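Take a look at the model below. The walk-through starts with one helix and then moves to its neighbour.

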Amino acid sequence: MIKQILESELDVFKINEKELQRRRLLARVESQYIHGSPGRRQYKGKCLIKEQQSVLEEYFQHLLTNSRIKSAVTILNNIVGLYQLGINIPKPFSTITKRDLEKYLSQLRLSAAQTTYVNHQVTIKKFFCWLYNDENCEIVRDFKPGSSLKRVIDESQLLTHEDIQ
């Protein structure tokens with residue numbers, strides 16, 4: 001759909017360059033991550049199952065029309081995170097259990113940076129709340145995104161007033 005809009009409105013005089021880049025990125029999201037297989041080596045040949053594709057397409061449309069998210073890059077990151085979830089848990093999103101999510105996130109925690117892990121938690125929580133039309137849905141109720149970023153600093157590592165001078 002976005003690809004068709006892009007092609008029909010390619011008149012450079014009517015669309016500014018930033019909007020054109022945004023539409024190209026969103027068209028890539030739709031064609032590669034929702035309906036196809038990304039060209040990246042780690043995902044080569046891996047596609048979502050049909051049920052996942054249709055739900056992800058609906059969520060993509062939701063992000064474009066009803067969400068506060070306006071950045072194409074943020075939408076891309078959301079869809080990529082859910083694509084990764086779907087590849088790692090190859091069953092319809094509506095049948096994914098809390099245990100499935102905990103197992104996926106524990107594997108992700110071992111392999112990803114802390115901020116990436118927290119961003120995935122946020123994406124997954126928002127997605128499942130949207131999927132079940134419930135702000136406090138059971139499957140992600142206990143997720144506390146951001147809580148793993150808190151670090152305790154040892155006082156002996158802090159600079160003193162004398163160290164600064």
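Is H4 mostly covered or mostly uncovered? The model is predicted, and in it H4 is mostly covered: 13 of its 17 residues are buried.

Next comes the length of that helix. H4 runs over residues 72-88. At 1.5 Å a residue, its 17 residues should span 24 Å. The C-alpha atoms at its two ends lie 24 Å apart, so expectation and model agree. Look also at the start of H4. There, a side-chain oxygen of Ser 71 comes to within 3.3 Å of the backbone nitrogen of Val 73. That pair falls inside the 3.5 Å cut-off for a polar contact.

Now bring in helix H3, residues 50-65. The axes of H3 and H4 come within 11 Å and cross at roughly 165°. Angles over 145 degrees count as roughly antiparallel, so H3 is roughly antiparallel to H4. The crossing of the two helices, H3 and H4, is right-handed. On the H3 side, the contact is made by Gln 52, Leu 56, Tyr 59, Phe 60, Leu 63 and Leu 64. H4 contributes Ile 75, Asn 78, Ile 79, Leu 82, Tyr 83 and Gly 86.

One residue of H3 deserves a separate stop: Gln 53. Is Gln 53 buried or exposed? Its relative accessibility is 10%. Buried means under 20%, so Gln 53 counts as buried. What does Gln 53 touch? Leaving aside residues up to four places away in sequence, Gln 53 touches Ile 34, His 35, Cys 47 and Leu 48.

Definitions and conventions:
Residues numbered from 1 in each chain as written. Predicted model: local features only at pLDDT ≥ 70, side-chain atom pairs only at ≥ 80, totals over all residues. Heavy atoms only, no water. Helix = DSSP H or I, 4+ residues; strand = E, 2+ residues; numbered from the N terminus. Expected span 1.5 Å × (residues − 1). Buried < 20%, exposed > 50% of the residue type's maximum accessible area, 1.4 Å probe, protein only. Polar contact = N/O pair within 3.5 Å; in protein donor to acceptor, adjacent residues only side chain to side chain. Contact = heavy atoms within 4.5 Å. Axes fitted to C-alpha atoms, helices over the stretch in contact; angles between N-to-C directions. Parallel < 35°, antiparallel > 145°, perpendicular 65-115°, else oblique. Left-handed = near helix turned anticlockwise from the far one by under 90°.
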